[in-house]
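Me: I would like to go through this model with you step by step, with the reasoning spelled out before each answer. Please take the questions in turn.

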Amino acid sequence: NGTTITAGSGTANSGGFYAAGTGSTTERAMGMLLSTSAKPLYVGAKFVNNTGSTIVSASVSYRCEQWRRGNTNAGLRDTLLVDYATGTDSVHLGTWTNVPALTGSSTNTSTTASALDGNTVFATVTGNITGMVIPDGATFWIRFNDFDAFPGSDDMLAIDDFSVSFTTGT
């Protein structure tokens, strides 16, 4: 499934990628809904270090919006993992390092499966990636990985307002 992005407001329960938003508004978030037929689901950005120095850390911020509650087990949260990698040219391949401080999760943990408005049901996630060694001229990736928390009944989580800034060493 990983090649199609469908506009949706959280009412669908088919796995895949979604341009999550309400009505005909152009304000959208990058949504993912994992399913048996649509996994793994990764969304990433490729960067080139053109700072002239080695990148040693990154400060990341994003809104983890929840557009669908699929699980009906009270209190259980679906998760969106953040990883980074060097030495790869694919969001799927390579050796990835998970950054637990940047994990997003469901905000609504009720027992009712339903569509939600991710513009009002969200958490802002901020944190740092430390220990990076990205030489000048090197490429690297940051990706979001939709974790399969509840096989068959996942929540639709989306990424919005992603920002990143980098720190270089001396």
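Me: In which loop does Pro40 lie?
Reply: In this predicted model, the peptide bond that leads from Lys39 to Pro40 is cis, its omega being near 0°. As for its place in the chain, Pro40 belongs to the loop between strand E3 (29-33) and strand E4 (42-48).

Me: With which residue does Lys39 form a salt bridge?
Reply: Lys39 has a relative accessibility of 46% and therefore counts as partly exposed, and its partner, at a relative accessible area of 25%, is partly exposed as well. The closest N and O atoms of the pair are 3.0 Å apart, which is inside the 4 Å limit for a salt bridge. The residue that Lys39 pairs with is Asp148.

Me: How many residues apart in sequence are the parts that Lys39 and Asp148 tie together?
Reply: The salt bridge joins Lys39 to Asp148. Lys39 sits in the loop between E3 and E4, whereas Asp148 sits in the loop between strand E11 (139-146) and E12, so the parts that the pair ties together are separated in sequence by 109 residues.

Me: Which residues are joined with Arg63 into one network of salt bridges?
Reply: The side chains of Arg63 and Asp161 meet in a salt bridge, with 3.9 Å from N to O. Arg63 is in strand E5 (residues 55-69) and Asp161 in strand E12, so this pair ties together parts that are 98 residues apart in sequence. Arg63 counts as buried because its relative accessibility is 16%, under the 20% cut-off. Through salt bridges that share partners, Arg63 is joined into one network with Glu65 and Asp161.

Me: What is the phi of Asp161?
Reply: Asp161, a residue of strand E12, is partly exposed at a relative accessible area of 48%. Although Asp161 is not a glycine, its phi is positive, with a value of about 55°.

Me: Which side chain of opposite charge is nearest to Asp160, and how far away is it?
Reply: Asp160 is placed in strand E12 (residues 156-168), and its contacts, not counting residues up to four places away in sequence, include Tyr62, Arg63 and Glu65. Asp160 is buried yet has no salt bridge, and a salt bridge would call for a nitrogen within 4 Å of a carboxyl oxygen. The nearest side chain of opposite charge belongs to Arg63, at 4.7 Å.

Me: Is Asp155, the salt-bridge partner of Arg69, buried or exposed?
Reply: Arg69 and Asp155 form a salt bridge in which the closest N and O atoms are 3.0 Å apart. Arg69 lies in strand E5 and Asp155 in the loop between E11 and E12, so the pair ties together parts that are 86 residues apart in sequence. Arg69 has a relative accessibility of 0% and so counts as buried. Asp155, at 0% relative accessibility, likewise counts as buried.

Me: What separates the C-alpha atoms of Phe122 and Arg63?
Reply: Phe122 is found in strand E10 (residues 122-134) and, at 31% relative accessibility, counts as partly exposed. Leaving aside neighbours within four places in sequence, Phe122 is in contact with Arg63, Cys64, Glu65 and Thr107. Phe122 and Arg63 are 59 residues apart along the chain, and the separation of their C-alpha atoms is 6.4 Å.

Me: What is the radius of gyration of the protein?
Reply: The protein has 0 helices and 12 strands. The globule rule gives 15 Å for 170 residues, and the value for this protein is close to that, so it is as compact as a globular protein of that length; its radius of gyration is 16 Å.

Key:
Residues numbered from 1 in each chain as written. Predicted model: local features only at pLDDT ≥ 70, side-chain atom pairs only at ≥ 80, totals over all residues. Heavy atoms only, no water. Helix = DSSP H or I, 4+ residues; strand = E, 2+ residues; numbered from the N terminus. Buried < 20%, exposed > 50% of the residue type's maximum accessible area, 1.4 Å probe, protein only. Contact = heavy atoms within 4.5 Å. Lys, Arg positive; Asp, Glu negative; His and termini not counted. Rg over C-alpha atoms; globule rule 2.2 N^0.38 Å.
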